[in-house]
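I opened the model to look up a few things and kept notes as I went. The entries below follow the order in which I looked.

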Amino acid sequence: MHKELALIGCGNMGSAIVKGIVGAGLIDACDIVVSDVSEAASSRLAGELGCAGTCDNVEAVRDAAMVIIAVKPQYLDDVVRGLADTVAPDALVVSIAAGVTLARLEGLLGSERKIVRVMPNLPAMVLAGMSSLTPNAQVSAEECARVQELFESFGRAEVVPEHLIDAVIAASGSSPAYVCVFIEALADAAVAEGMPRAQAYTFAEQAVLGTAKYLLETGVHPAVLKDMVSSPAGTTIEAVSALESGGFRAAVIDAARAAAAKNRAM
Ligand SMILES: NC(=O)c1ccc[n+]([C@@H]2O[C@H](COP(=O)([O-])OP(=O)(O)OC[C@H]3O[C@@H](n4cnc5c(N)ncnc54)[C@H](OP(=O)(O)O)[C@@H]3O)[C@@H](O)[C@H]2O)c1
């Protein structure tokens with residue numbers, strides 16, 4: 001039976017991806033099959049979406065126009081090898097496995113296959129993800145645009161050459177963790193000033209969300225917004241000055257580049 005999409009791996013990211021796609025009405029649930037090694041996981045997601053669910057990866061990908069592989073990198077080779085003979089020759093295969101290159105995917109599937117390497121991030125789970133897309137040479141511009149449309153159903157998505165995936169890791173793949181460190185520190189400061197802990201997180205989280213939303217929606221440069229809110233002899237410039245004295249900017253650059261370097265070495 002022909003299907004538009006087969007998902008392999010119904011964990012955090014796989015679930016977020018298909019929920020975004022179905023929620024945006026880009027693919028009908030009845031054209032999707034989801035598969036997981038755990039019957040409970042595939043049945044739960046299939047039940048939520050109203051699509052077919054299975055534990056049989058091979059049956060899931062049979063006659064599927066697109067296959068999204070969302071298992072942990074350590075399982076990827078075995079999973080892909082198990083599917084390679086069944087995936088239709090003209091199917092689009094999308095892998096979101098961190099650190100797994102197009103060359104490695106082509107080695108497993110065959111270099112004549114259409115493959116897109118995607119690097120999403122965790123906010124995909126709340127429809128605010130940032131994904132990079134890197135197609136191999138067999139993927140047409142229209143096919144790449146279709147994958148981009150699907151990944152934009154739960155956030156933003158941009159095509160990047162493969163050598164920039166380390167930069168993607170630095171800026172969006174790993175950055176939710178360091179943004180959380182910043183939010184925690186802001187909340188700690190508010191608690192030190194007497195605010196209850198739960199309220200401190202709300203103020204800090206909404207401030208970070210709102211600032212990013214403002215920049216994305218207006219296109220204003222971050223330095224311009226920083227200047228706009230820093231009044232002469234005011235409170236904000238005191239904070240900015242303390243951040244610079246503490247080496248905040250350099251620490252963030254070093255942290256993000258450490259993530260990129262680690263990804264390169266993996
Ligand atoms: N989470 C992120 O922020 C993030 C960001 C970018 C990229 N990624 C990539 O996304 C992929 C999935 O990550 P995740 O966080 O969603 O992991 P996850 O929550 O562990 O989901 C993976 C799912 O695949 C299942 N699975 C394991 N072996 C399988 C097999 N042979 N066949 C079918 N299903 C199988 C797992 O079942 P069990 O739990 O029973 O093993 C689990 O339900 C990874 O490759 C990761 O590198 C994740």
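First entry, the ligand. I take a polar contact to be a pair of N or O atoms within 3.5 Å; within protein, one must be able to donate a hydrogen and the other to accept it, and residues adjacent in sequence count only if both atoms are side-chain atoms. I note that this is a predicted model, in which local features need pLDDT of at least 70 and side-chain atom pairs count only at pLDDT 80 or more, while totals for chains, interfaces and linings use all residues. Residues are numbered from 1 along each chain as its sequence is written, and side-chain values use heavy atoms, with hydrogens and water left out.

I found that 20 residues surround the ligand (a heavy atom within 4 Å of it), and that the closest are Met13, Asp36, Asn57, Val71 and Ala98. Asp36 has a polar side-chain atom 2.7 Å from an oxygen atom of the ligand. For Asn57, a polar side-chain atom is 2.9 Å from a ligand nitrogen atom. At Val71 a polar backbone atom lies 2.6 Å from an oxygen atom of the ligand. The ligand taken alone exposes 890 Å², of which the protein buries 76% (Shrake-Rupley areas, 1.4 Å probe; for residues, only the protein chains shown count as cover).

Second entry, Ser35. I placed Ser35 in strand β2, residues 32-35. Helices (H or I, at least four residues) and strands (E, at least two) are DSSP runs, numbered from the N terminus. Why does Ser35 count as buried? Its relative accessibility is 0%, and buried means under 20% relative accessible area, exposed over 50%, partly exposed in between (1.4 Å probe, protein chains only). The side chains of Ser35 and Asn57 are joined by a polar contact of 2.6 Å.

Third entry, helix α1. I counted 12 residues in α1, residues 12-23. Nine of the 12 are buried, so α1 is largely enclosed by the rest of the structure. Met13, listed above among the residues closest to the ligand, is one of the buried residues of α1. The cover over them includes β1, β2, α2, β4 and α6 (contact: heavy atoms within 4.5 Å). Just after α1, Gly25 has a positive phi of about 75 degrees.

Fourth entry, helix α8. In α8, I found Ser175, Ile183 and Ala187 buried. Seen down the helix axis, the buried residues fall within an arc of 110 degrees (from directions to the C-beta atoms), so they line one face of α8. Val181 and Ala192, on the other side, are exposed.

How values were computed. Expected span 1.5 Å × (residues − 1).
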